[in-house]
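Got the viewer open and a selection box ready? Let's take a walk through this model, stop by stop.

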Amino acid sequence: VSLRDVAKKAGVSPTLVSYVVNNKHRNRIKESTWSRIEKAIEELYYVSNAHAKSLRGQFTQTIGIAIYETAYLENPHFMGFLAGAVRALGELDYDFHLCTTAAHERDSNTYFLRKMREGKIAGLIIEDNSLPEHIILELHQSRFPMVIIDRKIGGGSIPYVGVDNKM
């Protein structure tokens, strides 16, 4: 089912359907029209295509979470962090891509740079103390959105989250 199918069923333009799907310009659209479009979306079981959205908008709503290896998944501290991150990302309608850098060691120096340039991730949470500092600095210099967990790089100029181990 496409956006055009919804538009046809609701008797409106695809642009208006797009506004409803993206919750934009509600004050410019009659409530009856908005409701008619929502009803068509529901009846047709329309779901917007995130891939098509990213092609049009040149961005994605996926955040990369970098860990060194899958053993992190057995660490209760990391799992608590991951659960919180996934919940917060979900509230913002973002997905996440969990990546182990150990699996890409041959190519770890360029993996995230390539994913960023390909537009596959919109930002990066780095929970990997083994990722070379020059990779992180290159990402930062290219103004790629990121935050580092438990590691201070670049004299603190790169956003990071850590604990001070004080009570």
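The tour starts with the whole chain and then goes to a helix pair, some charged side chains and a surface patch.

Before you click, some ground rules: this is a predicted model, where local features need pLDDT of at least 70, side-chain atom pairs count only at pLDDT 80 or more, and totals for chains, interfaces and linings use all residues. Residues are numbered from 1 along each chain as its sequence is written, and side-chain values use heavy atoms, with hydrogens and water left out.

**Stop 1: the whole chain**

Show the protein chain as a cartoon and you have 7 helices and 5 strands. Helices (H or I, at least four residues) and strands (E, at least two) are DSSP runs, numbered from the N terminus. Going along the sequence, the pattern reads α-α-α-α-β-α-β-α-β-α-β-β.

Now colour by accessibility. Of the 167 residues, 31% are buried; buried means under 20% relative accessible area, exposed over 50%, and partly exposed in between (1.4 Å probe, protein chains only). The chain exposes about 10,900 Å², with carbon and sulfur atoms supplying 51% of that. Those areas come from the Shrake-Rupley method with a 1.4 Å probe, and for residues only the protein chains shown count as cover.

If you like contact maps: among contacts between residues at least 6 apart in sequence, 50% join residues at least 24 apart. Contact here means heavy atoms within 4.5 Å.

**Stop 2: α2 against α3**

Select residues 14-21 (helix α2) and 31-44 (helix α3). At what angle do they pack? About 85 degrees, with their axes 10 Å apart. That makes α2 roughly perpendicular to α3, a label for angles of 65 to 115 degrees (under 35 is roughly parallel, over 145 roughly antiparallel, the rest oblique). The axes are lines fitted to C-alpha atoms, for helices over the stretch in contact, and angles run from 0 to 180 degrees between N-to-C directions.

Turn on sticks for the contact: L16, V17, Y19, V20 and V21 come from α2, while T33, W34, I37, E38 and I41 come from α3.

**Stop 3: charged pairs**

Side chains of opposite charge can pair when their charged atoms come close. How many salt bridges does the whole structure hold? A search finds 3, counting a side-chain nitrogen of Lys or Arg within 4 Å of a carboxyl oxygen of Asp or Glu.

Pick K9 and E43, whose side chains meet at 3.2 Å, N to O. This pair links distant parts of the chain, from K9 in helix α1 (residues 3-10) to E43 in helix α3, 34 residues apart. K9 is partly exposed at 45% relative accessibility, and E43 is partly exposed at 39%.

Add K39 to the selection: its closest N and O atoms with E43 are 3.7 Å apart. K39 and E43 both lie in α3, 4 residues apart, about one turn of the helix. K39 counts as exposed because its relative accessible area is 52%. Together, K9, K39 and E43 form a salt-bridge network.

Then jump to E31 and R26, another salt bridge at 3.2 Å, N to O. E31 is partly exposed at 46%, as is R26 at 38%.

**Stop 4: a nonpolar patch**

Last selection: L73, M79, F96 and L98, which make a nonpolar surface patch of about 290 Å². Patches use residues with over 30% relative accessible area and no salt bridge, joining like charges within 9 Å and nonpolar side chains (Val, Leu, Ile, Met, Phe, Trp, Tyr) within 5 Å. Centre on M79, which sits in helix α5 (residues 76-91) and is partly exposed at 35% relative accessibility.
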